[in-house]
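Reader: I have this one open in front of me and would like to go through a few parts of it with you. Could you put it up here, so that we can start with the metal site?

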Amino acid sequence: MEIKKEIALKKIPTRTSEKYRNFPMVPRVVFGSGSFDQLGDILLPKRRHSEAPMIFLLDDVFEGTDLIDRIPSIFCDQIIFISAEEEPKTDQVDALVQKIKNQFHELPCGIIGIGGGTLLDLSKAVAILLTNKGVAADYQGWDLVPKKSIYHVGIPTISGTGAEVSRTTVLLGPNKKLGINSDYTTFDQVVLDPELTKGVKKEQWFYTGMDCYIHCIESLNGTFLNAFSKSYGEKALELCKEVFLDNLSDSESRNNLMMASWHGGMSIAYSQVGIAHAMSYGLGYLLGVKHGIGNCLVFQYLEEFYPGGVKLFQKMMKKHDIVLPQGICGNLTDAELEQMVAVALGMEPLWENALGKNWKSIITEEKLKSIYKKI
Ligand code: NAD
Ligand code: ZN
């Protein structure tokens, strides 16, 4: 009795007092060409009974393809096709959760996301919202999710974002674009099958691949860098250089970019991204510009901050005949530009990582406006 009392009186430390982040990693991963076909075996032990479905959220680019026949759907499992045309939104997550709850008396046994960062993020968020009350927007932020999510599996079909390893799901909400960053966001299982990325169009391959490259540059040149991030970031950068500058075979290129994405994601997990990401958030929030291309649009004008990285980026663009669109911000009003600058500057940890604790004295609103105006 005495001991119990003593424990109860002791203050439980809050997470904010953590000096070093204790973050979860994906506990199980399978890698290899054709590994997608092991999915049925992987899911089997997670099935409770025939009335509790596995829900497969699938990028609708695969509608009518052979992949559908390879999905191990049995009993009352459901395949839901979702467009990746737009980045995920909180109300889209809420609608999906409602649809699943309306249709089934039981909670699903698992959510399996198959697609790019858009589908992976949606799947993570749906898995969280199935066990936590309220709406997705309630959980945008850091460590706001109280309950464990449903078992969820991530299967990337395009490489670069690192969403397959990260503990966040980036969502556009009613008043902010922000991730649900929590220990329950991370996937329970990831299937890395490079063959699934075969159909990706060249431009999209480049933009999403550059997301990974920019993760490396921003992490390796950031003030938050440490041995953990450096080890992953350097490996990811080496793989990106091979993929985008050497002449690899198609299968080598697919394998390496998939592993680069993984390592790039691990690198930023223990550091942070930087200026291109902060400014790309502004483009995404105001104009709906997607993450990968948005990063490229900004990064090309950041030679002052990442001279070596931008030089190599130009070389990669040239090798692959990539021409970025122009005039994106040309017709914006001053008020709109200011709003974009405000969104970008709101990403404080990104600026601190990029420029150090005194970042506010280095970067000005005018400077950001002038960069946006070039885009
Ligand atoms: P995406 O999921 O938006 O897909 C881009 C395009 O590629 C879509 O048209 C899609 O249909 C197509 N596509 C995907 N796989 C294909 C295939 N095998 N064949 C043919 N077409 C295919 O792309 P993305 O760049 O991977 O993801 C961007 C999203 O990821 C953004 O919403 C961004 O916010 C998010 N993101 C999340 C994290 C994270 O840690 N959670 C990190 C970075 C980015
Ligand atoms: Zn990114």
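Reader: Are His-215 and His-277 buried or exposed?
Author: In this predicted model, His-215 is buried, and His-277 is buried as well.

Reader: Which protein atoms are the donors of the zinc ion (ligand 2)?
Author: The zinc ion (ligand 2) has as its protein donors Asp-211 through OD, and His-215, His-277 and His-291 through NE2, at 2.1 to 2.2 Å from the ion. Along the sequence, these donor residues follow the spacing D-x3-H-x61-H-x13-H. His-215 belongs to helix H6 (residues 202-220) and His-277 to helix H9, so this pair ties together parts that lie 62 residues apart in sequence.

Reader: And what about the geometry, is the site of the zinc ion regular or irregular?
Author: The site is irregular, with angles of 89 to 165° among the four donor atoms.

Reader: Switching to cysteines, how many disulfides does the count come to?
Author: The count comes to zero disulfides, taking a pair of sulfur atoms within 2.5 Å as the rule. For Cys-212, the nearest cysteine sulfur is that of Cys-240, which is 3.7 Å away. For Cys-329, the nearest cysteine sulfur belongs to Cys-296 and is 15 Å away.

Reader: What relative accessible area does Cys-212 have?
Author: Cys-212 has a relative accessible area of 0% and is buried, and Cys-329, at 3% relative accessibility, also counts as buried.

Reader: Now helix H15, which residues are buried there?
Author: In H15, which spans residues 365-374, the buried residues are Leu-368, Lys-369, Ile-371 and Tyr-372. Looking down the axis of H15, these buried residues fall within an arc of 165°, so they line one face of the helix. Glu-366 and Lys-373, on the other side of H15, are exposed.

Reader: What covers the buried residues of H15?
Author: The cover includes helix H9 (275-287), helix H12 (334-345) and helix H13 (348-355), and H9 is also the helix in which the zinc donor His-277 lies.

Reader: Last topic, which way do the residues of strand S9 point?
Author: In S9 (residues 189-192), Gln-189 and Val-191 point one way while Val-190 and Leu-192 point the other way, and all are buried. In a regular strand, side chains alternate between the two faces of the sheet.

Reader: And which residues stand opposite Gln-189 in S9?
Author: Arg-28 stands opposite Gln-189, where strand S1 (residues 28-31) pairs with S9 in the parallel sense over four bridges. Val-153 also stands opposite Gln-189, and strand S6 (residues 152-156) runs parallel to S9, joined to S9 by two bridges.

How values were computed:
Residues are numbered from 1 along each chain as its sequence is written. Chains are lettered from A and ligands numbered from 1 in the order in which they are written. This is a predicted model: local features need pLDDT of at least 70, side-chain atom pairs count only at pLDDT 80 or more; totals for chains, interfaces and linings use all residues. Side-chain values use heavy atoms; hydrogens and water are left out. Buried means under 20% relative accessible area, exposed over 50%, partly exposed in between (1.4 Å probe, protein chains only). The arc is that of the directions from the helix axis to the C-beta atoms. Contact means heavy atoms within 4.5 Å. Donors are N, O and S atoms within 2.8 Å of the metal (3.2 Å for Na, K and Ca); water is not among the atoms, so sites may look incomplete. Four donors count as tetrahedral if all angles lie between 85 and 135 degrees; four count as square planar and six as octahedral if opposite donors are over 155 degrees apart and all others between 65 and 115; anything else is irregular. Two strands pair if DSSP finds at least two bridges between them.
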